[in-house]
Amino acid sequence: MDTVQIDSDVRAGRARVRAAALSILIGALLGVTWAAGFRAFMAEIAGPESTFGWYATFVAVLGGAGIVGGLLGWADHIRRTGDRPPWRWLALSPLILGLLPLTVPGTLAALAQGIGTAGIAVALIAIGLGYAFGGRGRPWLRVVVGALSAVAAAALVAFTPLISEGRISFSDPRGAWAGTLALGSVIVLGLATSIPFRPVLPLIRSADAPPAVLKDRAPDSV
């Protein structure tokens, strides 16, 4: 292999690394922004009892969402560059949103009482919506999974007045805002989670890349 080819491969490798890093960074930023908005909904449900902490808020909630966003951003880079490693497992990354908050002291005790399960529910709903939006797999299965996930998302929002102990009501503007924020957040997360389920895009060869070598083929019979 000559020096020109080696330099070309090195530049191409660096370009791929930069593109992957940018996708991960953008995904992480979007994930943190998404979590900040969803945290506002959680605070609305809890009312005056809502508390913020450096670990609970910035590590367990925002940090977890940043990791999820970064992983989904990486999945998008893989999908666009035509690589095919076992990256489909990145579709399970939203589970981090439900599992990382369990590391907050006292959360497991509350979980035993049925408190704090919303994060896991949101993650499972997002994975179901992602599969339905992804466009791969059997159509009837995607329809069934999508319908069940949509019903679960609507039920999660519908029970908001009950969970908030009457602090939220959809009949007033503030309650309607909270419901819209919750439903929109779940749908957006579902759309992001659809990335690992989507078909891999064909790798586009750059204009200055050498042409592919065609194999000899026998002439067509007359």
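**Exercise 1.** Which pattern does the protein chain follow when read along the sequence?

*Solution.* The model is predicted. Step 1: count the elements; the protein chain has eight helices and zero strands. Step 2: write them in order, which gives α-α-α-α-α-α-α-α.

**Exercise 2.** Find where the predictor's confidence is high and where it is low.

*Solution.* Step 1: take the whole protein chain, where pLDDT averages 84 and 81% of the residues score at least 70. Step 2: go through the elements; α6 has the highest mean pLDDT, 95, and helix α4 (residues 107-112) the lowest, 59. Step 3: look at residues 205-222, where pLDDT stays under 50. For this stretch the model has two contacts beyond four places in sequence.

**Exercise 3.** Describe the largest nonpolar core and the residues around Leu97.

*Solution.* Step 1: start from burial; 34% of the 222 residues of the protein chain count as buried. Step 2: list the members of the core that touch the most other members. Out of 22 residues, these are Trp34, Ala35, Phe41, Leu97, Val186 and Leu189. Step 3: assign the core to elements; α1 (3-46), α2 (54-81), α5 (118-134), α6 (139-158) and α8 (173-193) each give two or more residues. Step 4: take Leu97 and leave out residues up to four places away in sequence; Leu97 then touches Trp34, Gly64, Ala65, Val68, Gly119 and Leu189. Step 5: check for another core; a second, separate one has six residues, including Trp87, Leu90, Ile195 and Val200.

**Exercise 4.** State what share of the contacts with a separation of 6 or more joins residues 24 or more positions apart.

*Solution.* In the protein chain, the share is 73%.

Methods: Residues numbered from 1 in each chain as written. Predicted model: local features only at pLDDT ≥ 70, side-chain atom pairs only at ≥ 80, totals over all residues. Heavy atoms only, no water. Core = buried A, V, L, I, M, F, W, Y, C linked by side-chain atoms within 4.5 Å. Buried < 20%, exposed > 50% of the residue type's maximum accessible area, 1.4 Å probe, protein only. Helix = DSSP H or I, 4+ residues; strand = E, 2+ residues; numbered from the N terminus. Contact = heavy atoms within 4.5 Å. pLDDT = per-residue confidence, 0-100.
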